[in-house]
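Biologist: Could you take one part of this model and go through it closely? I am a first-year student, so please explain each term when you use it.

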Amino acid sequence: MKKSDTFTRLAVRVMLILAAAGVIIPALPADIIKSQNYTLNIMPVAEDIDYAWGFDFLPDGQILLTQKNGRMFRIDTKTGSKTDIREVPFVAYRSQGGLLDVLVHPDFARNRVIFITYSEPVTEDSAQTAVMRAVLDRDRLTEKKCKTDGRALPEIYSYGHRNPQGMTVHPQTGEIWSAEHGAMGGDEINIIRAGVNYGWPVISYGLNYNGTKIGEGTEKTGIAQPLYYWDPSVAPSGMTFYSGRLFPEWKGNLLAGSLKFGLIIRLITDNGKISGEERLSLSQYGRIRDVKEAPDGSVMFITDQPDSALYRITPAKEKN
Ligand SMILES: [Ca+2]
């Protein structure tokens, strides 16, 4: 056995003993990853999360984070400590369902309003997607008002979507950009407009999982083409437009998570079109569930697995 191995084993043992004794162990050093424009520092902010699904920032810089199993936390980003939010609605937690996204109202400092999406149980083995507006009062959800999908036809804004798992608002135009999962190939990004049919299951750039063609092919009159599509599929997740000061070269780009390959995909946008992409490989952390810009201009992401975590990306001091 090499001396360094002995040392590592000893260090790990000491850390385990300290952890058992409740001593706080300093965080591990940041990982370094190279990208086209920047060398990136990647640091865990909070760990021991069970299937994180969504997160958003409170005005004081703390984070609300959802776990798919129905728990929600307030996270102090300085210490990584997690506080349970109480009276979260009961969710149907199975397959892709559970507690989903969380959004902090732009005027939260005044009204303390948040929105959550989740799978609401209907019968023992069925559920429907619901949106809830609630007031966050001392780590407790109050004044809860719920809206289910309920097949309320006049409320349908657009249709022909297949399994969208990411959506964001363009900071300049106010357009809604969304990412959805195709089948085998054909994952799409669309700009969502009222009354438009986005094609599923009539047209798609993917194939059925048994290799057969979907619907009528890839295009049809009266049905929108995707703004952008991936073939093979990347399984896109949460996304956000970057507007911060820490990564000026990324300004205006759309950052999208990829569950399947553990990526953040940086999509270069140009006048409402996507002209190229860079794939930041983060697969050592796992499947990427959501990505957001923090108030300080760093980029934060969460992973999708039993031991998921919240991470922060900042530019490393050294220049590429
Ligand atoms: Ca489509």
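Modeller: What follows is a close look at one open sheet and at some residues in it.

The model is predicted, so local features need pLDDT of at least 70 and side-chain atom pairs count only at pLDDT 80 or more, while totals for chains, interfaces and linings use all residues. Residues are numbered from 1 along each chain as its sequence is written.

The sheet has 5 strands in the order 1-2-21-20-19, with antiparallel pairing. Strands (E, at least two residues) are DSSP runs, as are helices (H or I, at least four residues), and they are numbered from the N terminus. Two strands pair if DSSP finds at least two bridges between them. Strand 1 (31–34) and strand 19 (288–293) are the edge strands, each pairing on one side only. From one strand to the next, the twist averages 25 degrees. For such angles, axes are lines fitted to C-alpha atoms (for helices, over the stretch in contact), and the angles run from 0 to 180 degrees between N-to-C directions.

Within this sheet, strand 2 (residues 39–49) pairs with strand 21 (residues 308–315) in the antiparallel sense, over 7 bridges. Opposite Ala-46 stands Leu-310, in strand 21.

Leu-310 is worth following further. Two residues are in contact if their C-beta atoms, placed from the backbone, lie within 7 Å. Leaving out residues up to four places away in sequence, Leu-310 touches Val-45, Ala-46, Ile-49, Ala-52, Phe-55, Leu-65, Ile-75, Met-300 and Ile-302.

Leu-310 also belongs to the largest nonpolar core, which has 59 residues. A nonpolar core is a set of buried Ala, Val, Leu, Ile, Met, Phe, Trp, Tyr and Cys residues joined through C-beta atoms within 7 Å. Buried means that 20 or more other C-beta atoms lie within 10 Å of a residue's own, exposed means 12 or fewer, and partly exposed lies in between; the C-beta atoms are placed from the backbone. The members that touch the most others are Leu-65, Met-72, Leu-255, Ile-264, Phe-301 and Leu-310. In soluble globular proteins, nonpolar side chains tend to be buried together.

Strand 2 also holds Asp-48. Asp-48 is exposed, because 10 other C-beta atoms lie within 10 Å. Its backbone deserves a look as well: Asp-48 has a positive phi of about 55 degrees although it is not a glycine. Most residues other than glycine have a negative phi.
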